[in-house]
Amino acid sequence: MCGIIGITSNKPVITNIISSLKKLEYRGYDSAGIATLAKNFIDEVKCEGRVTKLEKICSKKSIEGIIGIGHVRWATHGVPNEVNAHPHSSENVSVVHNGIIENSTLLKKYLEKRGYIFKSQTDTEVITHLLSEFLKKNKLVAAIQKTLAKLHGSYALGILIKNHPDIIIGARRGSPLAVGYGHNENYLGSDSYALKAMTNRVSYLEDGDICIVKKDQVDFYNSNGKKINKKILELSDKNEEYQKGDFQTFMQKEIFEQPQTVKACINEYVDTLRDEINIYNLPWNLKEVKSICLIGCGTAYHACMMAKNWIENLTDIDVVTEIASEFRYKKNNFKKDNLYIFVSQSGETADTFAALELCKKNKMKTLGVVNVVESSIARSSNFVLPIHCGSEIGVASTKAFLGQMLVLYIFALQIGFLQKKLKKNDYKSKIKLLKKLPELIKKTMSVEADVQIIAKTFADSKGSMFLGRGLSYPIAMEGALKLKELCYVHAEGYPAGEMKHGPLALIEDGMPVVILAPRDKHYDKTLSNMQEVIARGAKVLLISNKGKEEISSDNLWKKILVENCSDELLPFLITLPLQMLALHAAKYKGYDIDKPRNLAKSVTVE
Ligand code: G6P
């Protein structure tokens, strides 16, 4: 999704803006641009495509501005091209914007009547002209407030104004925005990741806030125009380096990091000497929770589906899962004993955040399960359980999925134990088994060589199916999503037992089908479903775990066996070959693995 950077300094800012834009590339984008202000002139450079292209264009010009804004755009209104790329500048004002202005058509008509000429097809350009209009008769803060009051929808903004050559204005409603503090320079950024290379001291804007950033001072105003003070927070890992190391892509690195990230997360939540879970200081009593609603999007939603199974198996609590974009607009029966859990890697997904705000408005208990601890969801939830897996750069989520499942499993054990549905001995023995998980993940990584060969068939197919029952059903959904995201082929994730109620009609000779049949209580039933698809000509890849009995079946195409572990933990292991399958299928096709087409890492618009 779109990303914003702004720098005001006492030296030229172009180099740092470009390198910050490169940091924002992971979000997914299709065009980029910058504007700097020097000698009473707004200099704008934009292009379709990558930041390296923008960098090349800039290197041929002399860009001297000591104040500037930059943007990477993920198109919503208007095709990705140079004109529609941000910033959108007039002679006096230049604007970069994340979000969507929903009433832009009406505002455009109003402005056109007043003589403003629009160059782009974007919703953002109305902000440039509205602000120019209000600046004619108002002082700076009043003009900004009047402009913002006209906008419906969501925004994070970075603005330069010719007549105020020492300031960058920031404003937020619905899309995240942060201010960073440097030495003789200050920054504006759509997330702290873009700022981390320059500073570890940041403040976050809340909805309705405006900030005026000078190189040596930052002023904040709330939605009533009242000057406010902001806490300065220290980011934990200023010097953390995001390198691919020996891997060709971040995604591959992130897959192979999972033994370490899972171990780090277990160490955060498990007292490994006493075999107990360390989740303290929750603001409510877990013993009193009567129902749980888990909310997320995409991969995070699949982690919610997993958690539903675990919590239902380990407690008597009623559990539902909700897709955030549906939940936020439907009628909900908010009950005071209900706990709402928001699962999000980025912590910035617009729909998940809006669902959280809705629950807060209704005074519900809210728990965030996030990776980015400085994110909006983390800051807004009553309590946060971070997944501790480090930055995830590949757009298609891998290690964060395992991290989300892990935290939710640990939480399920804790709530089961506290509600006395899980006996102390069982609780401890499950924790003992959990401690072995990183090693089992590590051993399972050896399946990569086989998966790599198998992946070609999936890459060449026009469609495939992923089937599983029970705990393997959410993993089937996730496996299909990974293949769609990376390899751009149709893939259907389905509960194996439901397949004969429709999707079976899709099976034809040679169609690759993944059967997830770990040796759990569903094993025999799933193998029967496997026979049904084999009988109709499918090329079946069976994914199971190692066991005493050899699995053999006539006409079974391929078999991958992960390590053996308790039924509850098998979902972690059977996920690994599916991540690798999508990765290698996309490699065969020569696609951009870390930045699949049309997708974004942090979906900050609804
Ligand atoms: C995007 C990404 C997915 C991710 C989803 C939810 O669609 O492409 O990989 O699962 O957003 O993101 P979140 O940050 O909320 O987990």
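**Close-up views of a predicted model**

**View 1. The loop that holds Lys39.** Between strand E2 (31-38) and strand E3 (41-48) runs a loop, and Lys39 is found in this loop. The structure shown here and in the views that follow is a predicted model. Although Lys39 is not a glycine, its phi is positive, at about 50°.

**View 2. The cis peptide bond between His86 and Pro87.** The peptide bond that joins His86 and Pro87 is cis, with an omega of about 5°. Of these two residues, Pro87 can be found by following the chain into the loop between strand E4 (67-73) and strand E5 (88-89). His86 returns in the next view, since the residue is also named in the lining of the largest cavity.

**View 3. The largest cavity and its lining.** When the whole structure is searched, 2 cavities of 30 Å³ or more are found, and the largest of them has a volume of about 70 Å³. Its lining includes the run of Arg73, Trp74, Ala75, Thr76 and His77, together with Thr122, Asp123 and Thr124. Also part of this lining are Cys2, His86, His97 and Gly99. Sorted by class, the residues that line the largest cavity are 3 nonpolar, 7 polar and 2 charged.

**View 4. The second largest cavity, between two domains.** The second largest cavity holds about 40 Å³ of space. Around it are Arg172, Gly174, Ser175 and Pro176, and also Glu348, Thr349, Ala350, Phe353, Ser376 and Thr604. Because domain 1 (3-234) and domain 2 (255-435) both contribute residues to this lining, the second largest cavity lies between them. By class, its lining divides into 3 nonpolar, 5 polar and 2 charged residues.

**View 5. The shell of residues around the ligand.** The ligand is surrounded by 13 residues, of which the closest are Thr299, Ser344, Gln345, Ser346 and Thr349. Thr349 has already appeared in the preceding view, where it is among the residues that line the second largest cavity. Helix H9 (residues 298-314) gives the largest share of the shell around the ligand, with 3 residues. In terms of class, this shell is made up of 5 nonpolar, 7 polar and 1 charged residues.

**View 6. Polar contacts and cover of the ligand.** In the side chain of Ser346, an N or O atom is 2.6 Å from an oxygen atom of the ligand. The backbone takes part at Val395, where an N or O atom lies 3.3 Å from an oxygen atom of the ligand. At Glu485 the contact is made again through a side chain, with an N or O atom 3.5 Å from an oxygen atom of the ligand. On its own the ligand has 390 Å² of accessible area, and the protein covers 90% of this area.

Conventions
Residues are numbered from 1 along each chain as its sequence is written. This is a predicted model: local features need pLDDT of at least 70, side-chain atom pairs count only at pLDDT 80 or more; totals for chains, interfaces and linings use all residues. Side-chain values use heavy atoms; hydrogens and water are left out. On a 1 Å grid over the protein atoms alone, a cavity is a set of points where a 1.4 Å probe fits but cannot get out, and a pocket is an open set with protein on both sides within 12 Å along at least five of seven lines; lining residues have an atom within 4 Å of a point. Grid points are joined across faces, edges and corners, and a volume is the space filled by probe spheres set on the points. Ala, Val, Leu, Ile, Met, Phe, Trp, Tyr, Cys and Pro count as nonpolar, Asp, Glu, Lys and Arg as charged, and the others, Gly among them, as polar. Domain bounds come from an automatic or database domain assignment. A residue is near a molecule or strand if one of its heavy atoms lies within 4 Å of it. A polar contact is a pair of N or O atoms within 3.5 Å; within protein, one must be able to donate a hydrogen and the other to accept it, and residues adjacent in sequence count only if both atoms are side-chain atoms. Accessible areas come from the Shrake-Rupley method with a 1.4 Å probe; for residues, only the protein chains shown count as cover. Helices (H or I, at least four residues) and strands (E, at least two) are DSSP runs, numbered from the N terminus.
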